[in-house]
Amino acid sequence: MSSDNPHIRKEAISGEKTMNEALRANFRKLLHEWIFFQMKLIREEGLAIPQLFTLRYLYYNRPKDLSSIADFMGVSKPTVTGIMNTLEKDGFVKRQHDSEDRRRIDLALTEKSLDLFRKFESMTMFVVDDFISSIPEDSLVRLNATMTTLADKLRDTVQSRDMEK
């Protein structure tokens, strides 16, 4: 509903700005709570955040060599070596020779790591199910559409930033 009255339009802009500020604040709050939930799960397993990032990278890109992990994480190979040594000692990863180039050593997840990811997924879905169980169906439909849009926009933003590099 548009109006030629400048006072009404000014109030609408002011309301939009206030809504944007509220959305930003709530988005930060949601991310903050989610990160702390994830950190709690990580700590319970005795892992540090760089170790989890490394495991997640291997989970989605397995198996990989040390250099590709270091490049992805933006850290030196000695840093990744230290992370991998600890993860290997704790039974989360194993070193294996590449099937095509025996000189190359790849890092792969163990069953212990896969169990960890299944546990994280289960706990995450428990929290999500608990969260959505209190939301009316019509709101869930809108929430789902909004979350899909946000996820798509985030992916597109990350990909376009990657292309700029």
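The legends below describe close-up views of a predicted model of one protein chain.

**Figure 1. Overview of the secondary structure of the protein chain.** The chain of the predicted model has six helices and three strands. Along the sequence these elements are arranged as α-α-β-α-α-β-β-α-α. Of the 165 residues in the chain, 21% are buried. Among contacts with a separation of 6 or more, 46% are between residues 24 or more positions apart.

**Figure 2. The largest pocket and its lining.** The space in this pocket amounts to about 2100 Å³. Its lining consists of 42 residues, and those nearest the pocket centre are Phe 27, Leu 30, Leu 31, Trp 34 and Met 147. Helix α1 (6-44) is among the elements that supply at least two lining residues each, as are α2 (49-61), α5 (111-132) and α6 (137-164). The largest share comes from α1, with 13 residues. Sorted by class, the lining holds 30 nonpolar residues, six polar residues and six charged residues.

**Figure 3. Aromatic pair of Trp 34 and Phe 37.** The model contains four aromatic pairs. In one of them, the rings of Trp 34 and Phe 37 are 5.2 Å apart centre to centre, with 45° between the planes, and the pair is tilted. Both residues belong to helix α1, where a spacing of three residues separates them by about one helical turn. An α-helix has 3.6 residues a turn, so residues three or four places apart point the same way. Trp 34 has a relative accessible area of 32% and is partly exposed. Phe 37 counts as buried because its relative accessibility is 18%, under the 20% cut-off.

**Figure 4. Aromatic cluster of Tyr 59, Tyr 60 and Phe 117.** These three residues are linked into a cluster by ring pairs. As for the Trp 34 and Phe 37 rings, which are tilted at 45°, the geometry of a pair here is set by the angle between planes. Why is the pair of Tyr 59 and Tyr 60 edge-to-face? The ring planes of Tyr 59 and Tyr 60 stand at 90°, and an angle over 60 degrees counts as edge-to-face. The centres of these two rings are 5.0 Å apart. Tyr 59 is partly exposed, at 29% relative accessibility, whereas Tyr 60 is exposed, with a relative accessible area of 61%.

**Figure 5. Lys 112 over the ring of Phe 92.** The charged end of Lys 112 lies 4.5 Å from the centre of the Phe 92 ring and sits over that ring.

**Figure 6. Packing of helix α3.** Helix α3 spans residues 66-73, and its buried residues include Ser 68, Ile 69 and Ala 70. The buried residues of α3 pack against two helices, α2 and α4 (77-89), and against two strands, β1 (64-65) and β3 (105-109). Gly 74 comes just after α3 and takes a positive phi of about 70°.

**Figure 7. Surroundings of Ile 105 in strand β3.** Ile 105 has a relative accessible area of 40% and is partly exposed. With residues up to four places away in sequence left out, Ile 105 touches Asp 65, Leu 66, Arg 95, Gln 96 and His 97. Lys 94 is eleven residues from Ile 105 along the chain, and the C-alpha atoms of the two are separated by 9.9 Å.

Key. Residues numbered from 1 in each chain as written. Predicted model: local features only at pLDDT ≥ 70, side-chain atom pairs only at ≥ 80, totals over all residues. Heavy atoms only, no water. 1 Å grid on protein atoms, 1.4 Å probe; cavity = no way out; pocket = protein on both sides within 12 Å on 5 of 7 lines; lining within 4 Å. Points joined across faces, edges and corners; volume = space filled by probe spheres on them. Helix = DSSP H or I, 4+ residues; strand = E, 2+ residues; numbered from the N terminus. Nonpolar A, V, L, I, M, F, W, Y, C, P; charged D, E, K, R; others polar. Phe/Tyr/Trp six-rings, centres within 6.5 Å; stacked < 30°, edge-to-face > 60°. Buried < 20%, exposed > 50% of the residue type's maximum accessible area, 1.4 Å probe, protein only. Lys NZ or Arg CZ within 6 Å of the ring centre and 35° of its normal. Contact = heavy atoms within 4.5 Å.
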